[in-house]
Amino acid sequence: MSVQRSFYKDRIYPLIFMFVTTLLCILLTSGLHLLTLDRAEANELSFARRAILQAADLDFTNTTDGIERAYRMQIGEEAGFYTATGTFGTRYIIPLDGPGLWGTITIMVGLEEDLETFSGVAIVSQNETPGLGARIEESWFTDQFKGKRAPFIMVEEGTSSAPQEVDAITGATRTSEYFKNLTARVPGEAQRLIRGE
Amino acid sequence: MAKSKLRKTFVEPLGKNNPVFVQILGICSTLAVTNKVQNTMVMTLGVTFTTALSSWTISLLRNHIPSRIRMMVETMIIAAFVIIVDIVLKAFYPEMWKQLGPYVGLIITNCIIMGRVEAFALNNKPLPSLVDGFASGLGYTYVLLSIAVVRELLGSGSIWGIRILGSWWTNWSIMIMPPGGFFVLAIIIWVIRETVMKEESHA
């Protein structure tokens, strides 16, 4: 009798307890996840649209409504790329992704009509080291690409001078390299996506 | 009597039993998130919420948890609360969620939470456990916020993203990089131990 009891107490009860705890935790978190799914998806879409606007170098108010309004007015959706029209003529925005240090970096690149000159670069998602590689999201970094043509040369932070040069990020040499390689693919990708070559 | 004990439970983690500068717990996040005041605020709110509620939940279950699997149960409950924080941030404060990135998930590994559960919640009633967890969170919060204020001010010339120092200020980039966290944390621990704590131990 006592052997059986301790078998229950030592083996079965912990198993049941763990199973029930896990089940409850899963039900709680997945319930909450499902409840907020619509909002989370709307946020994702808004982030992507903001990146497109930034890549096209357009002015907009940085709120969900502001992004939505500017996007509807000025952006056209094509197969695999986007267009922006305005006083500057037409700009083409292409999505691009490639490897980073820890995960995939997804960006939007805006190009002028020659399909070579950058009008802007915006990060859609990245998993680089916070505080170091993750600084590719900061505007001083992305703004450097405006009006320049790939391929770029990464130089020490704060020392870029020639038109091909951009400042790399101190402490994030690898991420900067990956970003350089990613942008180097832009002209080819643009030809393929937009001109269908 | 019960009231004064509760008061002691609340006050101790703020001062002489502070999780950061006395127990030296939760240092990884102290170094990682304190380069911006805004991020620090969200991180510490998340930790306070998780510590308080995990302590409370585990204290409720403390007489039923089989002791040999208690760590698994604790981790599971802590993880559930952290995922709740993550989901809420993602849905309602997406900008903040994006900036904090992997750090929200890493609240799970914050040693303060597990530490308070093991050291306090397993042997105390739910209410004192809730108070202890909450106070430990607050003790963590104010230390981290003070580090963040120093780091953001010196590293970016701003506080809460608002420019404080004029254009004459040259940013100390070291302050927003991980070494800056080590420097400021060490200086703060040293100052507090040399001044406030020393007086207390003499008294």
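Here is a friendly exchange about how the features of this predicted model of chains A and B get their names.

Reader: What should I keep in mind about the model and its numbering?
Author: The model is predicted: local features need pLDDT of at least 70, side-chain atom pairs count only at pLDDT 80 or more, and totals for chains, interfaces and linings use all residues. Residues are numbered from 1 along each chain as its sequence is written, while chains are lettered from A and ligands numbered from 1 in the order in which they are written.

Reader: How do you know how many helices and strands chain A has?
Author: Helices (H or I, at least four residues) and strands (E, at least two) are DSSP runs, numbered from the N terminus. By that count chain A has 6 helices and 7 strands, in the sequence pattern α-α-α-β-β-β-β-β-α-β-β-α-α.

Reader: What is the radius of gyration of chain A, set against a compact globule?
Author: It is taken over C-alpha atoms, and the globule rule is 2.2 Å times the number of residues to the power 0.38. For 197 residues the rule gives a value near 16 Å, but chain A has 24 Å. Its C-alpha atoms fill a box of roughly 85 × 40 × 35 Å along the principal axes.

Reader: Why are β1 and β5 of chain A called edge strands?
Author: Two strands pair if DSSP finds at least two bridges between them. The open sheet has the order β1-β2-β3-β4-β5 in chain A, with antiparallel pairing. β1 (75–77) and β5 (118–125) each have a single partner strand, so one side of each is left without a neighbour in the sheet.

Reader: What makes β3(A) and β4(A) a pair?
Author: Their 8 bridges, set against the required two, make them a pair, in the antiparallel sense. A:Leu96 of this pairing stands opposite A:Ile107 in β4(A), and A:Pro99 stands opposite A:Thr104. The two strands form a hairpin with 4 residues between them.

Reader: And how do you know that β2(A) pairs with β3(A)?
Author: There are 5 bridges joining β2 (residues 82–86) to β3(A), and the strands run antiparallel. A:Ala84 has A:Arg91 in β3(A) as its bridge partner, and the hairpin joining β2(A) to β3(A) goes through 2 residues.

Reader: Which helix packs on the sheet, touching β3 and β4 of chain A?
Author: Helix α5 (residues 173–184) of chain A does, and its direction makes about 130 degrees with that of β3(A). Axes here are lines fitted to C-alpha atoms, for helices over the stretch in contact, with angles from 0 to 180 degrees between N-to-C directions. Contact means that two C-beta atoms, placed from the backbone, lie within 7 Å. Helix α6 (residues 186–195) lies across β3 and β4 of chain A, at about 115 degrees to β3(A).

Reader: What makes a group of residues a nonpolar core?
Author: It is a set of buried Ala, Val, Leu, Ile, Met, Phe, Trp, Tyr and Cys residues joined through C-beta atoms within 7 Å. Buried means that 20 or more other C-beta atoms lie within 10 Å of a residue's own (12 or fewer is exposed, in between partly exposed). The largest core has 46 residues, and B:Phe81 and B:Ile147 have the most contacts inside it. Apart from it lies another core, of 38 residues, including A:Ala84 and A:Tyr92.

Reader: How many residues does each chain give to the contact between them?
Author: Chain B gives 23 residues and chain A gives 19. α4(B) gives the most to the side of chain B, with 10 residues.
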